[in-house]
Amino acid sequence: MSDLPIYVQDKPRESKGEDNSLYPKEYEGHLQHIMLYKQEILDCVKLLASKIDQDYAGKFPVMICVLKGANNFYQHLLEGLQDLRHGYTTEFLRASSYAGVKSTGSVAIGGDLAYETLVDRHIILVEDILETGTTLSHLIPALREKCKVKSIEVCSLLQKRLKHSPKTTAKYVGFSIPDHFVIGYGLDYNELYRDLRDIWVISTAG
């Protein structure tokens, strides 16, 4: 799996004629350019599932979805593991360090996570995007302290290329992307655009 993460170029991708992107008409003018088509995402998710299947052979990990942004990615990742006949259990939590397009630097953690079910388990946190790593730098120590887990790793669909290294790294990353604010496939701007099937760079009008 040395081909992961897949590197997304800094400059906008050129149109190849027929544009297969679809989006609600209400978003017209809100989208600057497309970064990743859904099929490209799904192909990458299969590679991630295969890597997890190899690394966790004989293990039954707890797949924790970091809501809301990772939900689409999470569901497709689980389908990939199902296709490989790899078992897992599921949990969900809410954690965010964002307000609008900027990280707040503090983290809010919520949800009904059953901490007692995570004791002595192998945990995989499933994230939509890794940027500063602020959210995970708070979340991972909290889980280690409360649950005494066997192991904890991060699987992120996207990782931004920033000037400064993130506070936390992910073992599994699908795409390395330039420093743009992206939306779609579960990623939002103030709760909008999660319903886009592809991943886009938001426009100034958005």
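**Exercise 1. Place P141 in the fold and say how much of it is open to solvent.**

Step 1: P141 sits in helix 3; helices here are DSSP runs of H or I with at least four residues, strands are runs of E with at least two, and both are numbered from the N terminus. Before going on, note that this is a predicted model, in which local features need pLDDT of at least 70, side-chain atom pairs count only at pLDDT 80 or more, and totals for chains, interfaces and linings use all residues. Residues are numbered from 1 along each chain as its sequence is written, and side-chain values use heavy atoms, with hydrogens and water left out.

Step 2: With a relative accessible area of 43%, P141 is partly exposed. The scale calls a residue buried under 20% relative accessible area, exposed over 50%, and partly exposed in between (1.4 Å probe, protein chains only).

Step 3: Now pick a partner along the chain. P141 and I152 lie 11 residues apart in sequence, and their C-alpha atoms are 9.9 Å apart in space.

**Exercise 2. Follow the chain out of strand 6 and describe its pairings.**

Step 1: Begin with burial. Nine of the nine residues of strand 6 (residues 122-130) are buried, so the strand is largely enclosed by the rest of the structure.

Step 2: Look at strand 3 (residues 62-67), which runs parallel to strand 6 and is joined to it by four bridges. Two strands count as paired if DSSP finds at least two bridges between them. Within this pairing, C65 is opposite V126 of strand 6.

Step 3: Turn to strand 7 (residues 151-160), which pairs with strand 6 in the parallel sense over eight bridges. Here E127 has S156 of strand 7 opposite. From strand 6 the chain passes through helix 3 (residues 134-147) to strand 7, a right-handed β-α-β crossover. Right-handed is the word used if, with the strands pointing away from the viewer, the path from the first strand over the helix to the second runs clockwise.

**Exercise 3. Work out the open sheet that contains strand 10.**

Step 1: Write down the order. This open sheet has three strands in the order 2-10-9, with antiparallel pairing. Strand 2 (31-36) and strand 9 (182-183) are the edge strands, each pairing on one side only.

Step 2: Check each pairing. Strand 2 and strand 10 are antiparallel over four bridges, and L31 is opposite I202 of strand 10. Strand 9 and strand 10 (residues 199-202) are also antiparallel, over two bridges, with V182 and V201 as bridge partners.

Step 3: Add the burial of one edge. Five of the six residues of strand 2 are buried, leaving the strand mostly covered.

**Exercise 4. Describe the surroundings of E91, a buried charged residue.**

Step 1: Locate E91 in strand 4 (residues 89-99).

Step 2: Search for an opposite charge. E91 has no salt bridge, and the nearest side chain of opposite charge, R121, is 7.5 Å away. For this count, Lys and Arg are positive and Asp and Glu negative, while His and the chain ends are not counted; a salt bridge needs a side-chain nitrogen of Lys or Arg within 4 Å of a carboxyl oxygen of Asp or Glu.

Step 3: Search for a polar partner instead. The side chains of E91 and T117 make a polar contact at 3.3 Å. Such a contact is a pair of N or O atoms within 3.5 Å; within protein, one must be able to donate a hydrogen and the other to accept it, and residues adjacent in sequence count only if both atoms are side-chain atoms.

Step 4: List the neighbours. Leaving out residues up to four places away in sequence, E91 touches V62, M63, I64, C65, Y74, L113, A114, T117 and L118, where contact means heavy atoms within 4.5 Å.

**Exercise 5. Find the backbone features and compare R85 with Y193.**

Step 1: Look for cis peptide bonds. One runs from L4 to P5, with omega near -5°, and P5 belongs to the segment before strand 1 (6-7). Another runs from L67 to K68, with omega near 0°; K68 lies in the loop between strand 3 and helix 2 (71-83).

Step 2: Check R85. Its phi is near 60°, a positive value in a residue other than glycine. R85 is in the loop between helix 2 and strand 4, and counts as exposed at 79% relative accessibility.

Step 3: Check Y193. Its phi, near 80°, is positive too, again in a residue other than glycine. Y193 is in the loop between strand 9 and strand 10 and is buried, at a relative accessible area of 1%.

Step 4: Finish with the partner of Y193. The side chain of Y193 makes a polar contact of 2.7 Å with the side chain of H30. Y193 and H30 are 163 residues apart in sequence, yet 9.5 Å apart from C-alpha to C-alpha.
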